[in-house]
Amino acid sequence: MVQRRNMQDRTIISSFNPLAVRAVKWVNKTITTGFLMETLELVFLFDFARPDCINPRADLLNQDLMSYIERRRIKVNVWTVNTASGIRYMVKKFSECDYN
């Protein structure tokens with residue numbers, strides 16, 4: 001469907017399932033993919049899934065994950081930031097990380 005509608009440049013296909021993420025890349029390498037993470041223990045699956053982005057739950061961001069992301073030059077899309085208080089929390093979290 002993404003290819004039929006020529007939406008590759010406007011679409012990110014994300015999944016909790018690393019097999020699904022890898023399968024999308026196998027079908028079409030030009031579609032951007034993301035690996036959704038609910039726990040930090042799943043970081044090891046990133047290499048298997050080979051996504052373009054890592055999509056952690058917002059409260060998982062910490063200095064260790066940010067360092068990993070920076071070393072690997074991975075794009076990040078956090079999720080579950082749906083409220084003003086959630087946004088304030090994320091701003092505080094990012095300001096505590098030394099990712100420069």
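In the predicted model, strand β3 (residues 53–56) presents its side chains in two directions. Cys-53 and Asn-55 point one way, whereas Ile-54 and Pro-56 point the other way. All of these β3 residues are buried.

Strand β3 has a partner on either hand. β2 and β3 pair in the parallel sense, over four bridges. Phe-35 has Ile-54 as its bridge partner in β3. Pairing between β3 and β4 (residues 75–76) is also parallel and comprises two bridges. Here Ile-54 is matched with Val-76 of β4. Ile-54 is thus named in a bridge to Phe-35 and in a bridge to Val-76. β3, α3 and β4 together make a β-α-β unit, and this unit is right-handed.

The sheet as a whole is open and holds four strands. Their order is β1-β2-β3-β4, with parallel pairing. β1 (12–15) and β4 are the edge strands, each pairing on one side only. Four bridges link β1 to β2, again in the parallel sense. In that pair, Ser-14 has Gly-34 of β2 as its bridge partner. Helix α1 packs on the sheet and touches both β1 and β2. The direction of α1 makes about 175° with that of β2.

Across the protein chain, the secondary structure comes to four helices and four strands. Along the sequence they follow the pattern β-α-β-α-β-α-β-α. The protein chain has 100 residues, of which 36% count as buried. Among contacts with a separation of 6 or more, 31% join residues 24 or more positions apart.

Nonpolar side chains tend to be buried together in soluble globular proteins. In this model, the largest nonpolar core has 17 residues. Those with the most contacts inside this core are Met-37, Ile-54, Leu-61, Leu-65, Tyr-68, Ile-69 and Ile-74. β2 (32–37), α2 (46–49) and α3 (63–72) each supply at least two residues of the core. The largest share, four residues, comes from α3.

Ile-54 shows how these elements meet. Beyond its neighbours within four places in sequence, Ile-54 is in contact with Phe-35, Met-37 and Phe-46, among others. Its further contacts include Leu-65, Ile-69 and Ile-74. Lys-75, Val-76 and Asn-77 are also touched by Ile-54.

Two residues of helix α1 were examined next. Val-21 lies in α1. Its relative accessibility is 2%, so Val-21 counts as buried. With residues up to four places away in sequence set aside, Val-21 touches Ser-15, Thr-33, Gly-34, Phe-35, Ala-49 and Pro-51. Thr-33 is twelve residues from Val-21 along the chain, and their C-alpha atoms are separated by 6.3 Å.

Lys-25 also belongs to α1, which spans residues 18–27. Although charged residues are not part of the core definition, the burial test applies to Lys-25 as well. Lys-25 counts as buried because its relative accessibility is 14%, and the limit for buried is under 20%. The side chain of Lys-25 reaches the backbone oxygen of Ile-31 at 2.7 Å. Not counting residues up to four places away in sequence, Lys-25 touches Ile-31, Thr-32, Thr-33, Arg-50 and Asp-52. Thr-33 is therefore contacted by Lys-25 and also by Val-21.

Key: Residues are numbered from 1 along each chain as its sequence is written. This is a predicted model: local features need pLDDT of at least 70, side-chain atom pairs count only at pLDDT 80 or more; totals for chains, interfaces and linings use all residues. Side-chain values use heavy atoms; hydrogens and water are left out. Buried means under 20% relative accessible area, exposed over 50%, partly exposed in between (1.4 Å probe, protein chains only). A polar contact is a pair of N or O atoms within 3.5 Å; within protein, one must be able to donate a hydrogen and the other to accept it, and residues adjacent in sequence count only if both atoms are side-chain atoms. Contact means heavy atoms within 4.5 Å. A nonpolar core is a set of buried Ala, Val, Leu, Ile, Met, Phe, Trp, Tyr and Cys residues joined through side-chain atoms within 4.5 Å. Two strands pair if DSSP finds at least two bridges between them. A crossover is right-handed if, with the strands pointing away from the viewer, the path from the first strand over the helix to the second runs clockwise. Axes are lines fitted to C-alpha atoms, for helices over the stretch in contact, and angles run from 0 to 180 degrees between N-to-C directions.
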